[in-house]
Structures are given as structure tokens and as C-alpha cells.
Amino acid sequence: MQKNIIVLGIGRFGQALSTKLFEKGMYVTAVDRDINKVEKIANNVSSAVQADITEDVAMKSLGINNYDVAIIATGTDLESSIEATLICKDEGIPEVIAKATSQSHARILKKIGADYIIYPELDTAERLARSLSGTNLIENIQFSNDYSLIEIVAKKEWVGNTVGDLDFRNKYKMNMVGIMRDEEMIMDINHDTRINESDVLILIGSDENANLIERKI
């Protein structure tokens, strides 16, 4: 089912995110008070609108209560970020995602109801650090207060072994839920599924155990 997503604030991050979501088949409305930004992105999203994301009347006129997800992509203007988040929550949008530039900014957004906080600059820095350090870890995604999903490129010593041989549940207290192989996601795995070279293993478990396996690889 196609999701309807509204992106509020189309600076560099908002523009890139809106375009990618549209490319993936989402219905995307991009909103900004700067008409130049709106015109620039108009051909790369479902719709682009000039409006002040901090004005309640302007947001209601867009019918934001009809969207499944709202992404507050502005981070440098703290007041705008807070106002836009409050409006989205008041209008009952099921999922409100807000960009934060600091821990204190994130705490404020959480307290006023943001369902999920993103740190684009921090995420980019972490990915670069992982790449330069040579770790097998590709991604660590925290999807609740207690659990994380991690993606790990299969280590040489894992290749040729079965899921049962590796026994992640007992060794690392992590459950393998899938394997990405040659750009195809394999979800139907069992104890006899064999690990191939370049496989990306999808594991899920507590934050504590996710951090533990990250340190060990």
C-alpha cells in the first residue's frame, strides 16, 4: 500500500529525502516557505507547495491530517521544528518523524510528541567511521527503546556454515531474521540455510546485545 508522506522543510536534507521517497513509489508532498526551493523540487515529487510550516492555518489548508507520515526535515531553526511537530501531532498524523541537530533538540521534540528522531549528520559520520575502520557492520537501526536491527556482512569464518552452525541466538543472543543476497532479501531461512560469501545477515535483538556483537566483529 502506497504511503502518503509530507516533508516539511526542503533544504538539502529535505530535498534529498523527498526525491528518494518519490523514487521508491511513495506519494510525496514537499513543503517550504521558499518558492525557489519549491520550484526546484517540483518535478521530482508528487506535489510541491509553498507554505509556512509553522502556521497552523496554512498547514491545515494542505490537509495534513490525510497523510500517513510527516517528516519535519528542518533542523537549524529550532522554533520552526517545534512548531511544525506540534501542528502535525495536533492534526493526528499517525507517524511524525523529526530531524534533530543535538541531543537537547531531540529531547524537546520527543517531549512534544515526535514519534521518531533522526540525526542525518550523525548517521553519516557513523557510517563513514564504520567504513574507514573496516568493520563488517553495515547498519544499526534502533526501532524501539530496547531493540535494534543490525546488518552485517558475513565474516570469512561464517561462510560455508549453516544458520544452525552459527547459532547466533545462543552465542550472541540475537535472532537472524533474513539474508540479503545479490540484492535479493531471503526471509525463508532455517537451521540448514547456508551462508554464502558477501551475504548480508539481518539480525535483531536487544540494544545491549547488538552493541556487544558490534564490538566483537
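Here are two short exercises on a predicted model, each with a worked solution.

Residues are numbered from 1 along each chain as its sequence is written. Local features need pLDDT of at least 70, side-chain atom pairs count only at pLDDT 80 or more, totals for chains, interfaces and linings use all residues, and side-chain values use heavy atoms, with hydrogens and water left out.

**Exercise 1. Find which element has the lowest mean pLDDT and which the highest.**

Solution.
- Step 1: Recall that pLDDT is the predictor's confidence in each residue, from 0 to 100. The protein averages 84, and 85% of its residues score at least 70.
- Step 2: List the elements, which are DSSP runs numbered from the N terminus: helices (H or I, at least four residues) and strands (E, at least two). The protein has nine helices and eleven strands.
- Step 3: Compare their means. Strand β7 (residues 137-142) comes lowest at 52, while strand β3 (residues 47-50) comes highest at 97.
- Step 4: Now look at residues 130-135, where the pLDDT is below 50. Beyond near neighbours in sequence, this stretch has seven contacts (heavy atoms within 4.5 Å) in the model.

**Exercise 2. Describe the surroundings of Asp 34: is Asp 34 buried, partly exposed or exposed?**

Solution.
- Step 1: Locate Asp 34 in the loop between β2 (27-32) and α2 (35-41).
- Step 2: Apply the classes, using a 1.4 Å probe and protein chains only: buried is under 20% relative accessible area, exposed over 50%, partly exposed in between. Asp 34 has 28% relative accessibility, so this residue counts as partly exposed.
- Step 3: Check its side chain. One of its polar atoms lies 2.9 Å from the backbone nitrogen of Asn 36.
- Step 4: Turn to Asp 52, which is 18 residues from Asp 34 in sequence and 8.8 Å away in space, C-alpha to C-alpha.

Key. A polar contact is a pair of N or O atoms within 3.5 Å; within protein, one must be able to donate a hydrogen and the other to accept it, and residues adjacent in sequence count only if both atoms are side-chain atoms.
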